[in-house]
Amino acid sequence: LVMVFYGSNGKSNPVSMENKVEHQAKNQITYDIHLPSDLGTLYKVRLGLQSLENSISQLSLRHFKMQNTSTLDTFSLTINKTLPLSLNGDRWIEFPVEWPLKEALSVVTYHLTVFSRNILSERNLLHMAACIYGTHGDTGDRSLLWSLQNVQQGEDNESFVVTVDAVELGELDKVVLLISSKTDCKVDIKKLHLKEAVKEHPIYVFEVNEAFSVNANKPEIEREIPVSFIMRGDKQKNDIDNNLHKEGSQTRNLTEYTIKVYTGDQRGAGTDANVHIILFGNEDKSEVFQLSQSLEHQDPFERGKVDTFKIKTKKLGSLHSIEIGHDGKGFASGWFLEKVEITDASRNSVYCFSCNR
């Protein structure tokens, strides 16, 4: 049994209950745990099994109680769950800590939709996990391939939904993927959609567009994917249902564009807001791309600087216009944009869009 404690100032390392038994009565074990004093006020506990090497081992949890021995503040909760939640299933549960006179967070069911190419055919040999991060902490590594819903398979694409129960995470900002395999295979992941199960929106979109080569001798692949953009209702129509149909033909003809963004050299020209761009060509238009990973600067869009970004999207033809803007986040978020230069290597073309405002 392992526990992770989350406080207002951070989280503890995993606390293993091995060799920590202090007092044992019938069906009841008491542990003394020393947590770092700088965790702040505890707001959530994640409790789970270290590993599932022996898939027969199960743990029935009835009740959880903890007390701060110096203040005597006490929290207790009836759980009545058995881990793992199914054979090879999720081996973690989370619950909020409710202290007197403090409002507690709630437990939320998240739906993670994975758009991929060949995971379903390899799923019995693959291990895939995700850790979701938000303003209220993270979910820890959760297995993705044990209970799939809404499975859709096309000739060249597929999608499936994974359910993750966690204490509410607030605004989501990244997902860390962990992939390993018992055999040689290629795992092609296009993107992830993440939302609360009971809400249609917002949908957090994480663009991956990467084929991972995994085999039994390779160490686990770990990939951090920042949020690309957020769909917030009718303004950006929810495209999960027709996504598979559209993507089948697109994956074969993705084009890479190099985008150079020139911020003006005048007082107050830079911005810390989140900048997005859409490309319009005579054949199609791109999806919304967040310009967050500058090839030159960790802090993009500063006064007098040029930032380069690379994106992959379907073939758009000859570019005729762009939409570029930001979300207004941060103090004095106004931004003076001089120009944007876009190179399409496949057509040997460079497009320049002047803004100067």
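How many bridges pair strand 21 with strand 26, and in which sense do the two strands run? In this predicted model, strand 21 (residues 254-263) and strand 26 (residues 337-344) pair over seven bridges, in the antiparallel sense. Within that pairing, Lys 260 sits opposite Glu 341 of strand 26. The two strands belong to an open sheet of four, ordered 24-21-26-27, with antiparallel pairing. Strand 24 (306-314) and strand 27 (349-354) take the edges; each has a single partner strand, so one side of each is left without a neighbour in the sheet. From one strand to the next, the twist averages 20°.

Another open sheet has three strands, in the order 23-22-25, and here too the pairing is antiparallel. Its edges are strand 23 (289-290) and strand 25 (319-326), each of which pairs on one side only. Strand 22 (residues 275-281) meets strand 23 through two bridges, again antiparallel, and His 276 has Gln 290 of strand 23 as its bridge partner.

Stepping back to the whole chain, there are 27 strands and just two helices. Of the 357 residues, 43% are buried. Contacts often reach far along the sequence: among those between residues at least 6 apart, 66% join residues at least 24 apart. The chain exposes about 19600 Å², and carbon and sulfur atoms supply 44% of that area.

What about the interior? In soluble globular proteins, nonpolar side chains tend to be buried together. The largest nonpolar core in this model has 34 residues, and those with the most contacts inside it are Ile 119, Ile 179, Val 187, Ile 189, Leu 192 and Leu 194. Several elements each supply at least two residues of this core, among them helix 1 (119-122), strand 10 (107-116), strand 15 (158-167), strand 17 (185-196) and strand 19 (221-226). Leu 192 gives a feel for the packing: setting aside neighbours within four places in sequence, Leu 192 is in contact with Leu 112, Thr 113, Val 114, Val 175, Leu 177, Tyr 204, Val 205, Phe 206 and Val 208.

Strand 11 (126-134) also supplies at least two residues of the core. Seven of its nine residues are buried, so strand 11 is largely enclosed by the rest of the structure. Nine bridges tie strand 11 to strand 16, and the two run antiparallel; Ala 130 has Leu 177 of strand 16 as its bridge partner. Strand 11 also runs antiparallel to strand 13 (residues 142-143), joined by two bridges, with Ala 129 opposite Ser 143. Strand 12 (residues 137-138) is a further antiparallel partner, again over two bridges. Gly 134 stands opposite Gly 137 in that pairing, and a hairpin of two residues joins strand 11 to strand 12.

As for cysteines, a search of the whole structure turns up zero disulfides. Cys 131 is buried, at a relative accessible area of 4%, whereas Cys 355 counts as partly exposed at 29%.

Leu 295 is a nonpolar side chain worth a look. Leu 295 lies in the loop between strand 23 and strand 24 and is exposed, because its relative accessible area of 54% is over the 50% cut-off. Leu 295 and Phe 309 are 14 residues apart in sequence, yet their C-alpha atoms are 6.1 Å apart in space. Leaving out neighbours within four places in sequence, Leu 295 is in contact with Thr 308 and Lys 310.

A few backbone details round out the picture. The peptide bond from His 201 to Pro 202 is cis, with omega near 0°; Pro 202 falls in the loop between strand 17 and strand 18. Asn 209 has phi near 45°, a positive value in a residue other than glycine. Asn 209 is found in strand 18 and counts as partly exposed, at 32% relative accessibility. Asn 348 likewise has a positive phi, about 55°, although it is not a glycine. Asn 348 sits in the loop between strand 26 and strand 27, and at 75% relative accessibility Asn 348 counts as exposed.

Definitions and conventions
Residues are numbered from 1 along each chain as its sequence is written. This is a predicted model: local features need pLDDT of at least 70, side-chain atom pairs count only at pLDDT 80 or more; totals for chains, interfaces and linings use all residues. Side-chain values use heavy atoms; hydrogens and water are left out. Two strands pair if DSSP finds at least two bridges between them. Axes are lines fitted to C-alpha atoms, for helices over the stretch in contact, and angles run from 0 to 180 degrees between N-to-C directions. A disulfide is a pair of cysteine sulfur atoms within 2.5 Å. Buried means under 20% relative accessible area, exposed over 50%, partly exposed in between (1.4 Å probe, protein chains only). Contact means heavy atoms within 4.5 Å. Accessible areas come from the Shrake-Rupley method with a 1.4 Å probe; for residues, only the protein chains shown count as cover. A nonpolar core is a set of buried Ala, Val, Leu, Ile, Met, Phe, Trp, Tyr and Cys residues joined through side-chain atoms within 4.5 Å.
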